[in-house]
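Me: I would like to learn how to read burial, strand pairing and enclosed space in a protein model. Could we work through one case together?

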Amino acid sequence: MSGKSFFVDLTKCTACRGCQIACKQWNKLPAEETRNHGSHQNPMDVSAITYKTVHMKEVADDKGFMAAWLFFPEQCRHCTEPLCVEGCLTGAMHRDVVTEAVVCDEGRCVGCWTCVMVCPFGVIQRSVTGRKAASKCDLCYREDTPACVSHCPN
C-alpha cells in the first residue's frame, strides 16, 4: 500500500477533541445535541453527522478512586481489506485509487445499508439528511493531511 494513513499515539492523546472539531469543520457537519451521561465524552459515539469522536474511559483503582483516563479517537479505520467495499452492491463504497482511503460515492449509493451492517467497527452510519448515502470519515482524501491530524496539538 502506498496511500495515506496515520498512527494515533494514545500515550500522547489528551482528549482535547481538537481532531473531533476539525473533522466537523472540514466536513461542514452540524453540531450534535449532547447530554450529560456521567462522562466527559460527548457525543457518545460516531453518527451520520459526527465522523470522529474521542472515547473516554475512567479507570478506578481497587478503592474506587479514579486512577487513570483512557482515550481512544474513534473513526473509520480505512481497512486494508474493507468489508464495506466487498459488500457494496453498487460500487459506491470504494477505495480511492490515489490515497487508498475508503470513500462513498453518494451518487452511486442506493441506501441498501449493507456497508453499515458489515462494518465490524460500527463507524458507517445512515445519513440523516434525507440522502440515501452512507456517512463516514473519508480521511479528507482530497487533501494532503487529514483535518484531524493537522489540528492535533500533540
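Reply: Let us begin with what covers a helix. This is a predicted model, and in it strand E1 (53-60) and helix H4 (147-150) are among the elements that cover the buried residues of H1.

Me: Which residues of helix H1 are buried?
Reply: A residue is called buried when its relative accessible area is under 20%. In H1, which spans residues 18-26, the buried residues are Gly18, Cys19, Gln20, Ala22, Cys23 and Lys24.

Me: What is the sign of phi at Lys28, which follows H1?
Reply: The phi of Lys28 is positive, near 55°.

Me: E1 also belongs to a strand pair. How many bridges join E1 to strand E2?
Reply: Two strands count as paired if at least two bridges are found between them. Here eight bridges join E1 to E2 (residues 66-74), and the two strands run antiparallel. To follow one bridge, take Met56, whose partner in E2 is Phe71.

Me: How many residues lie between the strands of this hairpin?
Reply: There are five residues between E1 and E2, and in this hairpin Gly64 has a positive phi near 90°.

Me: Let us turn to enclosed space. How many cavities of 30 Å³ or more are there?
Reply: A cavity is a region where a 1.4 Å probe fits but cannot get out. The count here is three cavities of 30 Å³ or more. The largest cavity holds about 90 Å³ of space. Its lining has 14 residues, of which Cys76, Cys79, Cys84, Cys119 and Ile124 are the closest to its centre.

Me: What is the chemical character of the lining of the largest cavity?
Reply: The lining divides into 12 nonpolar residues, one polar and one charged.

Note on methods: Residues numbered from 1 in each chain as written. Predicted model: local features only at pLDDT ≥ 70, side-chain atom pairs only at ≥ 80, totals over all residues. Heavy atoms only, no water. Buried < 20%, exposed > 50% of the residue type's maximum accessible area, 1.4 Å probe, protein only. Helix = DSSP H or I, 4+ residues; strand = E, 2+ residues; numbered from the N terminus. Contact = heavy atoms within 4.5 Å. 1 Å grid on protein atoms, 1.4 Å probe; cavity = no way out; pocket = protein on both sides within 12 Å on 5 of 7 lines; lining within 4 Å. Points joined across faces, edges and corners; volume = space filled by probe spheres on them. Nonpolar A, V, L, I, M, F, W, Y, C, P; charged D, E, K, R; others polar.
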